[in-house]
Each structure stands twice: as structure tokens, then as C-alpha cells.
Amino acid sequence: CRSLQDQCEEVQVEASTSRNLYRGEAQRLAARENWGGIEIIRVRTPATKRNSSRLRLLAGVYFTVAVFARMAFRPRYDVLIVSTSPPMLPVAAMALKTLRGTPYVFLIHDLYAEMAVALGLKSPESRSIKISEKMQAAFFRRASKVVALGRCMKDHLTSEFELTPDKVEVITNWGTIESVTDQASSRFRRENSLYGTVVMYAGNFGQFHNFD
């Protein structure tokens with residue numbers, strides 16, 4: 001926005017999120033906050049242990065219902081941006097589109113049904129997976145645009161869900177190669193006594209990531 005200040009001054013942004021901290025600390029964040037002109041509205045949801053899939057799913061459903069209830073009584077938005085976390089959140093976006101005609105953009109971080117199958121937690125023929133896949137396809141179909149984090153995910157979405165290439169936009173996340181300067185790299189090498197060729201992995205490392 002800094003480089004497009006004149007245009008951005010005319011855009012009003014609201015963000016709905018949880019009052020819980022990502023790492024699960026007991027501290028609760030403020031219910032409302034204005035951050036750089038963005039109005040942040042936080043919903044009170046039960047805290048869950050991150051290693052409990054069942055509790056996280058229930059908390060996600062609670063959050064989805066709470067967000068929908070709040071937005072249903074707000075003035076109509078021009079567009080919603082909804083992500084895959086929690087997995088049921090697009091249901092709220094679809095309901096608002098049906099009731100009020102509000103279009104939504106679907107930002108893809110994870111495809112949970114496919115992850116569960118890949119990890120061997122669920123059979124691809126199980127009833128829950130079949131239902132999840134149908135719901136996922138409906139989320140894509142009703143979205144005005146789908147945003148993928150990289151070209152490989154875009155290729156996967158267009159081939160597996162039969163989305164047209166023009167419906168899927170690639171918007172990369174996090175840092176860039178250009179943001180890592182030679183000076184920062186040299187300092188890191190000196191501080192950690194690293195010499196020769198160094199390969200570094202920087203990112204999430206969870207069950208789904210095949211590090212080998």
C-alpha cells in the first residue's frame with residue numbers, strides 16, 4: 001500500500017480471525033484492533049491442542065459459524081478473501097454469496113482431504129474423504145478466483161479439479177531470493193562457522209513434508 005497510497009486510501013479492509021495465539025499460549029488477543037488502517041475483529045473460540053485433529057476440527061466449525069453470524073449482520077462487502085484454514089471456513093463464504101451475492105476469492109494453503117490420504121490416515125474410498133472432495137470441488141466452483149501459492153499447486157488444481165487456468169492466480173508467499181542479501185548470508189556463515197557449500201531449508205516441517 002505504501003507505493004500505491006492514493007489508491008489504497010479508498011479501500012476499507014476488515015479481517016476476521018481468532019483471539020487465540022497460533023502457538024496456543026493462554027493469552028487472548030484483543031477483540032478489536034486497528035492495525036495500519038485495517039480493522040481486525042477477533043472471534044472468541046475455544047483453545048485446542050494442536051495435536052488433536054478432532055478438537056481442531058470442532059474449533060474450526062465453531063469459528064466458521066461465529067464468523068458467518070457476524071458477517072451476516074454487517075453491511076455487504078464487495079469481496080471476501082477466504083483461506084483453507086480452518087477447512088470449513090469456505091462454507092461461510094458460500095453461504096454469504098448465496099444470501100447476499102458477495103463474491104469470494106479462495107486462497108489455497110492446504111488440501112486437507114488429500115493430505116489425510118497421502119499420510120495414510122484415511123482411505124481414498126472412505127465416506128468422509130468422498131464428502132470432503134465434493135465439498136472442496138464446490139468451494140472451487142463457486143469462487144470468483146482461486147489463489148495458489150506456487151505454479152505446481154496451480155497445475156494440480158487445474159488438472160485434479162478441472163479449473164480453467166485463468167481462474168487460478170499464483171501469488172507467492174513469504175520472502176524472495178532478492179530479499180536475502182550477500183551481507184546477511186556472510187554474517188550467518190561467520191556466526192555459525194559454516195564453510196563451503198551450504199544448503200539450508202527454511203520453512204514448515206510437519207507430518208506432510210517429505211524431508212528426504
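# A walk through the predicted model

The secondary structure of this protein comes to seven helices and seven strands, and the reader should keep in mind from the outset that the model is a predicted one. Read along the sequence, these elements follow one another in the pattern α-β-β-β-α-β-α-β-α-α-β-α-β-α. Of the 212 residues in the protein, 24% are buried, and the accessible surface comes to about 15700 Å², of which carbon and sulfur atoms account for 55%. Among the contacts that join residues at least 6 apart in sequence, 53% link residues that are at least 24 apart.

A good place to begin is a pair of strands. Strand 4, which covers residues 80–83, and strand 5, which covers residues 104–107, pair in the parallel sense over four bridges. The chain passes from strand 4 through helix 3, residues 89–100, to strand 5, and the β-α-β crossover made in this way is right-handed. Within this pair of strands, I81 stands opposite V105 of strand 5. When looking along any such element, it helps to remember that in a regular strand the side chains alternate between the two faces of the sheet. The loop between strand 4 and helix 3 holds P86, and here the backbone has a feature to look for, since the peptide bond from S85 to P86 is cis, with omega near 0°.

From here we can turn to residues of opposite charge. Side chains of opposite charge can pair when their charged atoms come close, and the structure holds six salt bridges. One of them joins E14 to R70, with the closest N and O atoms 3.8 Å apart. Because E14 lies in strand 1 (residues 14–18) while R70 lies in helix 2, this pair ties together parts of the chain that are 56 residues apart in sequence. The two partners are covered to differing degrees: E14 is partly exposed, with a relative accessible area of 30%, whereas R70, at 19% relative accessibility, counts as buried, because the limit for a buried residue is under 20%. The pair also belongs to a wider arrangement, for E14, R70 and R74 are linked in a network of salt bridges.

A second salt bridge to follow is the one between the side chains of K145 and E169, which meet at 3.2 Å, N to O. K145 lies in strand 6 (residues 145–148) and E169 in strand 7, so this pair ties together parts that are 24 residues apart in sequence. Both residues are partly exposed, K145 at 30% relative accessibility and E169 with a relative accessible area of 37%. In another salt bridge, the side chains of K130 and E125 meet at 3.7 Å, N to O; here K130 is partly exposed, with a relative accessible area of 34%, while E125 is exposed, with a value of 60%.

Strand 7, residues 168–170, also contains V168, and this residue counts as buried, with a relative accessibility of 1%. If neighbours within four places in sequence are left aside, V168 is in contact with V146, A148, K154, L157, T158 and L163. One of these partners, K154, is 14 residues away from V168 in sequence, yet the two are 6.4 Å apart in space, C-alpha to C-alpha. In the loop that leads from helix 6 (151–160) to strand 7 we find E162, which is exposed, with a relative accessible area of 70%. The backbone at E162 deserves a careful look, because its phi is near 55°, a positive value in a residue other than glycine.

A comparable backbone angle can be found further along the chain, where S193 has a phi near 50°, again a positive value in a residue other than glycine. S193 belongs to the segment after helix 7 (182–191), and it is partly exposed, with a relative accessible area of 49%.

The walk ends at the surface, on helix 2, which spans residues 53–72 and contains L57. Together with V61 and V65, L57 makes a nonpolar surface patch of about 240 Å². L57 itself is partly exposed, with a relative accessible area of 44%, so it passes the threshold of over 30% that a residue must meet to be part of such a patch.

Conventions: Residues are numbered from 1 along each chain as its sequence is written. This is a predicted model: local features need pLDDT of at least 70, side-chain atom pairs count only at pLDDT 80 or more; totals for chains, interfaces and linings use all residues. Side-chain values use heavy atoms; hydrogens and water are left out. Patches are made of residues with over 30% relative accessible area and no salt bridge: like charges are joined within 9 Å, nonpolar side chains (Val, Leu, Ile, Met, Phe, Trp, Tyr) within 5 Å. Accessible areas come from the Shrake-Rupley method with a 1.4 Å probe; for residues, only the protein chains shown count as cover. A salt bridge is a side-chain nitrogen of Lys or Arg within 4 Å of a carboxyl oxygen of Asp or Glu. Helices (H or I, at least four residues) and strands (E, at least two) are DSSP runs, numbered from the N terminus. Buried means under 20% relative accessible area, exposed over 50%, partly exposed in between (1.4 Å probe, protein chains only). Two strands pair if DSSP finds at least two bridges between them. A crossover is right-handed if, with the strands pointing away from the viewer, the path from the first strand over the helix to the second runs clockwise. Contact means heavy atoms within 4.5 Å.
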